[in-house]
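Trainee: I'm new to this one. Could you pick a single part and take me through it closely?

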Amino acid sequence: MEYWKLVWVFVLAFLFGGYQSEGCWEIEKAALLQLKPFFPHINDEGISWGKGNCCRWNGVEGSTSTGRVTRLFLEYRSVEVYYNISQGWYLNISLFLPFHELKSLDLGNSYIAGFIDNHSFMNKLEILDLSNNKLLGNNILPYLAEFTSLKTLLLDNCGLQGSIDISGKVTGEVFCLY
């Protein structure tokens, strides 16, 4: 008889959404708020960062089962915000350490010149978009080795010059249009 009670509890939990996470992890919410100053467009009208479930914020997607952030869209389409940063800026990639299930990261149009702080943490990252940035030299190339599950790398109009040896690093597609 106890078995059937347990089955009913699980059935009711499933029917009423008990199988889903109620929100994002607090550590990931705090990490998203730390990213805000580096991506000024997050403060624009219509961008809702700060209250509620962070997996429902604009530009953020999360897993309904784990409550972890899985995709970040930090791309910005307007140049005005970064107008005073003509040479670009360096992104501290350790800011992404709390995102253990991050699979897609869009950093396009952000005037990023390169990365600082090499941590092997993006082992689940499958899609990385660095399009339309100001990558100086080829200083991001050593970081690609850290993205062990990368399948798609978007580098169009990003300022890289010369040849890039990514054999064995990206298992999918590399898009590099000029």
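Mentor: Sure, let's look at helix α2, and keep in mind that this is a predicted model. Start on the side of α2 where E26 and I27 sit: both are exposed. Now turn to the other side of the helix, which spans residues 26–35, and you'll find E28, K29, A31, L32 and L35 buried. Looking down the axis of α2, those buried residues fall within an arc of 160°, so they line one face of the helix.

What does that face pack against? The buried residues of α2 pack against two strands, β1 (60–62) and β2 (69–73).

Next, follow L32 inward. The largest nonpolar core has 39 residues, and L32 is among those that touch the most other members, along with L72, L74, F96, L105 and L107. At least two residues of this core come from each of α2, β2, β3 and β5, and α2 gives the most, with three. As a rule, nonpolar side chains in soluble globular proteins tend to be buried together.

L35, from the buried set of α2, takes you on to L74. Leaving aside residues up to four places away in sequence, L74 touches L35, and its other contacts include F39, W49, F96, L105 and L107.

Finally, glance at two of the strands that share this core with α2. β3 (residues 89–92) has W89 and L91 on a covered face, while Y90 and N92 are on an uncovered one. That fits a general pattern: side chains in a regular strand alternate between the two faces of the sheet. β3 runs parallel to β5 (residues 112–116), joined by four bridges, and N92 has I116 of β5 as its bridge partner.

Technical notes. Residues numbered from 1 in each chain as written. Predicted model: local features only at pLDDT ≥ 70, side-chain atom pairs only at ≥ 80, totals over all residues. Heavy atoms only, no water. Buried < 20%, exposed > 50% of the residue type's maximum accessible area, 1.4 Å probe, protein only. Pairing = 2+ DSSP bridges. Arc of directions from axis to C-beta. Contact = heavy atoms within 4.5 Å. Core = buried A, V, L, I, M, F, W, Y, C linked by side-chain atoms within 4.5 Å.
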